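Welcome, and thanks for opening the viewer. Keep your selection panel handy, and let's walk through this model one stop at a time.

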Amino acid sequence: MHHFAYRGGVLHAEDVSVDAIASKVGTPFYCYSTATLTRHYKVFAEAFANADALVCYSIKANSNLAVLKTLGNLGSGMDVVSEGELRRARAAGVAPEKIVFSGVGKTRDEMAYALSEGIYAFNVESEAELAVLNEVAGQAGVRARVAFRVNPDIDPKTHKKISTGKAEDKFGVPYERARGLYREAAEMAGVTPSGIHMHIGSQITDLKPFSDAFALLRELAGQLKEDGCDLEFINFGGGLGVPYRGNNDIPPHPDEYAAIVLAAAKDLKVKLLFEPGRMIAANAGILVTRVLYTKTGAAQSFTIVDAAMNDLIRPTLYEAWHDIIPVDERLVDTPGQITDVVGPVCETGDYLALARKLPEYSSGDLMAVLTAGAYGAAQSSSYNTRLLIPEVLVKDDQYALIRPRPTYDDLLGRDKVPDWL
Ligand code: LLP
């Protein structure tokens, strides 16, 4: 469910015409809906309304400060994976005790900074990282609350580049070794083992991998309690998928997901943490792009638009499907054709859609690439020296440019030419 719909023949984001934003801001741009962000956060949070739960929105999905502030104001905590993301969370006003820090390669400086901010917990991914965190915390004279990220060796049945809980993935510590690591950590002066963390992958649309994984979490929690570990929380990670393709891939509702979590946590008397990213932000955003040219090649038709793989890398990186609709509703029922939607970047992999049946677009028409609010702008770049794509946030009948398009001077000014040249 989202708040992008046709009104008077024009696609609107809440009460604002997408066409009007395009005229003002220029294309391409991302456009987010506050109502959709809010709805998704609430649906997820309310699924755990009767539990002691903390939702830590996974910043990597969409890290714009205005998005973070919108979610932070609703009470969301944050899951961060770098000092930069931690700084964003703090700049958005999120309390440190609602922040968890994940990632396989935290540096000493990042640990020290996170400790100085007093974050809630570190998700520790290796024995080596544990030793360093123990040392850094010792030097700072504090104890770090840690959860081992446990790798359960479960196939989440998602794209291989976003599966994280199989034995061959770089993430976490093997399930079989986890119990021993908690015992080790319990002896250390700089850390307190107080939680368990698991994140098996992203865009998961089948509940079975979750329930298998959460059964292991429950088993481990029982063992740790037997060992005298004062388990304070279980972090179930993120990963609940979203519908990218019309009504073809409807993911489970957060309530169904919650039923599995609550069964796994029953009677454990722990706080429940979650790190959803995609399911909060994806459907809350569209990418708006203008058709530059259409052409018929020897083998197929191309619709060349002004957004490219540097603006939305998901189609080429993960073979991801994003529905595409026209901003002008009159185009919807035009006969159309099968076409590749491609950008101006000089790579064959630069496409937003391949062999897609679309209405009849002409030069100047606007199209909206749907479900682009997560891992869209956050993964954008200036490749081909293209200006970083701007972002707009809509709320009811107002909108704001929450990341302006840089100027070419901004872009070129980031480089420094040494004196000898
Ligand atoms: N927690 C951890 C430790 C994670 O690694 C991730 C995502 C999340 C939470 C949030 O997962 P979500 O709820 O969004 O599924 N760029 C890729 C997705 C990468 C996901 C990385 N980790 C894409 O566009 O599909």
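How many Å separate the centres of domain 1 and domain 2, taken over C-alpha atoms? The answer is 32 Å. Keep in mind as you look around that this is a predicted model.

**Stop one: the two domains.** Select 4-31 together with 282-412 and colour that set as domain 1, then give 34-281 another colour as domain 2. Now look at where they meet: 24 residues of domain 1 are in contact with 24 residues of domain 2, counting heavy atoms within 4.5 Å.

**Stop two: the ligand.** Select the ligand next, and you will find it in the largest pocket. Why does the ligand lie between the domains? Domain 1 and domain 2 both give residues to the shell around it, so the ligand lies between them.

**Stop three: the shell.** Show the residues with a heavy atom within 4 Å of the ligand. There are 18 of them, and the ones that come nearest are Ser202, Glu275, Arg278, Arg314 and Tyr375. Colour the shell by class and you should see four nonpolar, eight polar and six charged residues.

**Stop four: polar contacts.** Zoom in on Arg278, where a polar backbone atom is 2.8 Å from an oxygen atom of the ligand. Move to Gly239: one of its backbone N or O atoms lies 2.9 Å from a ligand oxygen atom. Then pick Gln379, which places a polar side-chain atom 3.0 Å from a nitrogen atom of the ligand. To finish, switch on a surface for the protein: of the 590 Å² of accessible area that the ligand has on its own, the protein covers 92%.

Technical notes. Residues are numbered from 1 along each chain as its sequence is written. This is a predicted model: local features need pLDDT of at least 70, side-chain atom pairs count only at pLDDT 80 or more; totals for chains, interfaces and linings use all residues. Side-chain values use heavy atoms; hydrogens and water are left out. A polar contact is a pair of N or O atoms within 3.5 Å; within protein, one must be able to donate a hydrogen and the other to accept it, and residues adjacent in sequence count only if both atoms are side-chain atoms. Accessible areas come from the Shrake-Rupley method with a 1.4 Å probe; for residues, only the protein chains shown count as cover. On a 1 Å grid over the protein atoms alone, a cavity is a set of points where a 1.4 Å probe fits but cannot get out, and a pocket is an open set with protein on both sides within 12 Å along at least five of seven lines; lining residues have an atom within 4 Å of a point. A molecule sits in a cavity or pocket if more than half of its atoms lie within 2 Å of its grid points. Ala, Val, Leu, Ile, Met, Phe, Trp, Tyr, Cys and Pro count as nonpolar, Asp, Glu, Lys and Arg as charged, and the others, Gly among them, as polar. Domain bounds come from an automatic or database domain assignment.
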